[in-house]
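Got the viewer open? Here's a short walk through the model, one selection at a time.

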Amino acid sequence: YLIFFVPILSFIYISSDLLFYFFLFLFFFFFFFFFFFQAEDGIRDAQESRGLGDVYKRQVSTQSTGLYTSCMRAATLTKRLAHTASRQGRVLELAAKSEAVLRVPTHVISPEQFKADRFQQLLRDMEATMVKHDALGLAAPQVREPVRMFVWRRSDDQSVGVVANPEVMGASEEELLDWEGCLSLPEYDRLGGVPVQRPVAVMVRYQDGEGQVRTEQLEGWDARVFLHEADHLDGVLMTDIERDHRKKRSRSQT
């Protein structure tokens, strides 16, 4: 307030023109000095506010981007895990021996089915199920799929093969009695299996997992496993084969 009143008082009480102009000069000097710094402070505050706003915006933008990126990474990871799990296959539930699917003939797989994603997924699931149970083979009816297909292990290198639409073209006259087990009949595993008589060698034709036709001559354990799984596709269990052979032996003895 002194800045405003001093010139007025000088004008009233001071008669000297020199002092009047001197105080007038001081008035305008302090006046512009005061408002200049006030304006500068206001500009600085505004800039700082705007700067803080920009920083805040950048922080919010960064946080939003980080959250979005995290969500996308989580979604991608979930998809990858799902895809990996899908590629590895799921362990399927086995059909009980009393279920009708084990007793009915299965359907031939068409060329279109070989290309279907569901068919390829079923192959992976069956392989995973067979490995889980440490089995030598697994037919589709055993996992409630009535199609002519099974997966199996070869005796030489334990590699897993896919057999679809199998046909037995010929079999040796020589047969061998050996013990077999079956995932559909776990109660017999505790007894050491079931004695089943089968040809020691067979000529077979089938389609692999890609639908390519293959012809092979199988011998020994490979022939036995192939025939065992092929029987499943016709609704026949190893106990049926064993019972038929027992009846034949009993008839031949009488």
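Before you colour anything: helices (H or I, at least four residues) and strands (E, at least two) are DSSP runs here, numbered from the N terminus. With that scheme, the protein chain reads α-α-α-α-β-β-β-β-α-β-β-β-α-α along the sequence, which comes to seven helices and seven strands. Keep in mind that what you're looking at is a predicted model.

**Stop 1: the whole chain.** Show all 254 residues; buried ones make up 32% of them. If you count contacts with a separation of 6 or more, 65% of them are between residues 24 or more positions apart.

**Stop 2: the sheet.** Now select strands 1, 2, 3, 6 and 7. These five form an open sheet in the order 1-2-3-6-7, with antiparallel pairing. At the edges you'll find strand 1 (137-139) and strand 7 (213-219), each pairing on one side only. Going from one strand to the next, the twist averages 40°. As a reminder, strands of a sheet pair through backbone hydrogen bonds, either parallel or antiparallel.

**Stop 3: strand 2 and its partners.** Zoom in on residues 149-153, which are strand 2. Are they buried or exposed? Five of the five are buried. Show the side chains and check both faces: Met149, Val151 and Arg153 are on one side, Phe150 and Trp152 on the other, and all are buried.

Next, look at what strand 2 pairs with:

- Strand 1 joins it in the antiparallel sense over three bridges; alanine 139 has phenylalanine 150 as its bridge partner.
- Strand 3 is joined to it by five bridges, again antiparallel; here valine 151 is matched with valine 162.

Follow the chain from strand 2 into strand 3 and you trace a hairpin with six residues between the two strands. Pick out glutamine 158 in the turn: its phi is positive, about 60°.

**Stop 4: the strand 7 edge.** Select 201-207 for strand 6, then add strand 7: the two pair in the antiparallel sense over seven bridges. One of the partnerships to click on is glutamine 207 with valine 213 in strand 7.

Bring in residues 117-132 as well. This is helix 4, which packs on the sheet and touches strand 1, strand 2 and strand 3 (160-171). Its direction makes about 40° with that of strand 2.

**Stop 5: the largest pocket.** Switch on a surface. The largest pocket holds about 280 Å³ of space. It is lined by 18 residues, and the closest to its centre are Ala135, Leu136, Gly137, Gly181 and Cys182, so centre your view there. Two elements give two or more residues to the lining: strand 4 (175-180) and helix 6 (220-232). Which of them gives the most? Helix 6 does, with six residues. Colour the lining by class and you get seven nonpolar, six polar and five charged residues.

**Stop 6: tryptophan 179.** Stay with strand 4, where this residue lies. Why does tryptophan 179 count as partly exposed? Its relative accessible area is 47%, and partly exposed covers the range between buried, under 20%, and exposed, over 50%. Leaving aside neighbours within four places in sequence, tryptophan 179 is in contact with Gly192, Gly193, Val194, Pro195 and Trp221. To finish, draw a distance between the C-alpha atoms of tryptophan 179 and glycine 192: they are 13 residues apart along the chain and separated by 7.4 Å.

Key: Residues are numbered from 1 along each chain as its sequence is written. This is a predicted model: local features need pLDDT of at least 70, side-chain atom pairs count only at pLDDT 80 or more; totals for chains, interfaces and linings use all residues. Side-chain values use heavy atoms; hydrogens and water are left out. On a 1 Å grid over the protein atoms alone, a cavity is a set of points where a 1.4 Å probe fits but cannot get out, and a pocket is an open set with protein on both sides within 12 Å along at least five of seven lines; lining residues have an atom within 4 Å of a point. Grid points are joined across faces, edges and corners, and a volume is the space filled by probe spheres set on the points. Ala, Val, Leu, Ile, Met, Phe, Trp, Tyr, Cys and Pro count as nonpolar, Asp, Glu, Lys and Arg as charged, and the others, Gly among them, as polar. Buried means under 20% relative accessible area, exposed over 50%, partly exposed in between (1.4 Å probe, protein chains only). Contact means heavy atoms within 4.5 Å. Two strands pair if DSSP finds at least two bridges between them. Axes are lines fitted to C-alpha atoms, for helices over the stretch in contact, and angles run from 0 to 180 degrees between N-to-C directions.
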